[in-house]
Amino acid sequence: MISIAISSLRRAAVTPARNMVAQRHLSVARRQTVRKLNDVLEEYRAENYSRESPKRFQKDVVRAAAVNSSCRVDIQMVSAEGIERLLRNIGMENRMSLSEIEGLMSEVGTSYISDDGQRNYLISANQMLDLISWQGHYE
């Protein structure tokens, strides 16, 4: 079961993220969640990364979320907990709930069952970059 999820994750990591997310239609609630995540991150970028390019900031965000994800595969993946920890580290934890993040991940991510029997969702670092790069794409 886990090997199937890992092979699916590997395919997700090498598939161009722009094509994968562009082909997926998000629910209205999830489009709002993507917009909210982008707004939170843009607010932080404007205050703390104003001299950096938005692309560099986005890559740093994805790297931080992937590092904070508790995933045991050999490719860079982002979990809901990784995004939650990222928001906590930048002082924006009160702006998005874990349930909002998990809802988004359930629509765009790949699910797997952890050792403790919990269903978790992961997205590739490329998918995360795609989500936070496309302002207005999910209108």
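Two rings of Phe, Tyr or Trp are taken to pair if their centres lie within 6.5 Å; planes over 60 degrees apart make a pair edge-to-face, planes under 30 degrees apart make it stacked, and the rest are tilted. In this predicted model, the count by that rule comes to three aromatic pairs. One of them joins Y44 and Y49, whose ring centres are 6.4 Å apart; with 50 degrees between the planes, the pair is tilted. Y49 also pairs with F57, here edge-to-face, at 4.9 Å centre to centre and 65 degrees between the planes. Ring pairs thus link Y44, Y49 and F57 into a cluster.

The members of this cluster can be placed by their accessibility. Y44 has a relative accessible area of 17% and F57 one of 5%; because buried means under 20%, both residues count as buried. Y49, at 24%, is partly exposed.

Y44 leads from the cluster to helix α3, where it is one of the buried residues, together with T33, V34, L37, N38, V40, L41 and R45. Seen down the axis of α3, these buried residues fall within an arc of 160 degrees, so they line one face of the helix. The cover over them includes α4 (54-67), α5 (80-89), α6 (98-108) and α7 (125-133).

The length of α3 can be checked in turn. The helix comprises residues 28-48, and its 21 residues should span 30 Å at 1.5 Å a residue. The C-alpha atoms at its ends are 30 Å apart, which agrees with that expectation.

Definitions and conventions:
Residues are numbered from 1 along each chain as its sequence is written. This is a predicted model: local features need pLDDT of at least 70, side-chain atom pairs count only at pLDDT 80 or more; totals for chains, interfaces and linings use all residues. Side-chain values use heavy atoms; hydrogens and water are left out. Helices (H or I, at least four residues) and strands (E, at least two) are DSSP runs, numbered from the N terminus. The expected span of a helix is 1.5 Å times one less than its number of residues. Buried means under 20% relative accessible area, exposed over 50%, partly exposed in between (1.4 Å probe, protein chains only). The arc is that of the directions from the helix axis to the C-beta atoms. Contact means heavy atoms within 4.5 Å. Rings of Phe, Tyr and Trp (its six-membered ring) pair if their centres lie within 6.5 Å; planes under 30 degrees apart count as stacked, over 60 as edge-to-face and the rest as tilted.
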